[in-house]
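Visitor: Please take me through the nonpolar core of this protein. I would like a close look at what packs there and what surrounds it.

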Amino acid sequence: MYLLPFLLPLLAISCESGVEHTAPAINERDSVALMISYGVNTLISDSGIMKYRIVTEEWEINQNRNPSRWIFRNGLFLEEFDKSFHVEAFLQADTAYYYDTKRLWELRGRVSVRTKNGMYFTSEELFWDQNLHELYSDKYSRLITPTRELEGTHFRSDERLTHYTITNTKGSFVKGKNGIGNSEADTILSAPDTAKAKIRMPANPKAKIQDTPTITNKR
């Protein structure tokens, strides 16, 4: 009789069904990239026209980040073509992000840009707004033209580097024999800086370009 008061609570607990404690399901798309591709050398179209060539060691497309973006952690080399498939410009950087919904490039590290007109730009940071067709940077930047060099901490330009402003600047003009710019003396090497070993450029520029990069899906 004396055990009955103690047994009743135990019997009541044993008769209850077990409660399962669960957490919300984790969607595998919450944090996983849509695509990760390695050793990429491919062409990219813009508005139906073949416009760019991308060479990179690793290319991640992640639409689950806000905003969605392409990520090039180990360097990027990008060529831009005109409608006749002639190279208009090239750029490269140690790290790059492309925010596809904003059409905005963010370039970091050793950033360099070269145009067919002989304009050469270097900085540690550069943004390229494809909607506004503008380049800008708030880091120390250096712009070399066939006739002069300019340096400053605030840079803004059209994407062809034909109309630009640099504030907090210092610069120098390079003069030829007749007191004007000497195009031969001012020639800038047009080949990209391949000192960063992680970006492997094709040895033969006429080699077949990989139209579809190898795709690795993380799950």
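Guide: Start with the largest nonpolar core of this predicted model. The core has 29 residues. Within it, L76 and L107 touch the most other members. Eight strands, β1 to β8, each give two or more residues to this core. They are β1 (35–46), β2 (49–62), β3 (69–72), β4 (76–81), β5 (87–93), β6 (95–99), β7 (104–115) and β8 (120–129). In soluble globular proteins, nonpolar side chains tend to be buried together.

Take L107 next. Leaving aside residues up to four places away in sequence, L107 touches L76, L91, A93, T95, A96, E124, E125 and L126. So the contact list of L107 takes in L76, and a residue counts as in contact when heavy atoms lie within 4.5 Å.

Now the empty space. The structure holds 1 cavity of 30 Å³ or more. About 100 Å³ of space lies in the largest cavity. Its lining is made of L78, E79, E80, A89, F90, L91, V113, L126, W128, L135 and E159. Strands β4, β5 and β8 each supply at least two of these lining residues. By class, the lining has 8 nonpolar and 3 charged residues, with no polar ones. L91 and L126 belong to this lining, and both also touch L107.

W128, another lining residue, leads to the aromatic side chains. The structure holds 11 aromatic pairs. One of them joins Y52 and W128: the ring centres are 6.2 Å apart and the planes meet at 75°, so the pair is edge-to-face. Y52 sits in strand β2 and W128 in strand β8, 76 residues apart, and the pair links these distant parts of the chain. Both Y52 and W128 are buried.

W128 has a second partner, W105. Here the rings are stacked, 6.5 Å centre to centre, with 20° between the planes. W105 lies in strand β7 and W128 in strand β8, so this pair ties together parts that are 23 residues apart in sequence. W105 is buried, like W128.

Step back to the wider group. Y52, W59, W70, F72, Y98, W105 and W128 form one aromatic cluster. W128 is thus a member of the cluster, pairs edge-to-face with Y52, stacks with W105, and lines the largest cavity.

Note on methods
Residues numbered from 1 in each chain as written. Predicted model: local features only at pLDDT ≥ 70, side-chain atom pairs only at ≥ 80, totals over all residues. Heavy atoms only, no water. Core = buried A, V, L, I, M, F, W, Y, C linked by side-chain atoms within 4.5 Å. Buried < 20%, exposed > 50% of the residue type's maximum accessible area, 1.4 Å probe, protein only. Helix = DSSP H or I, 4+ residues; strand = E, 2+ residues; numbered from the N terminus. 1 Å grid on protein atoms, 1.4 Å probe; cavity = no way out; pocket = protein on both sides within 12 Å on 5 of 7 lines; lining within 4 Å. Points joined across faces, edges and corners; volume = space filled by probe spheres on them. Nonpolar A, V, L, I, M, F, W, Y, C, P; charged D, E, K, R; others polar. Phe/Tyr/Trp six-rings, centres within 6.5 Å; stacked < 30°, edge-to-face > 60°.
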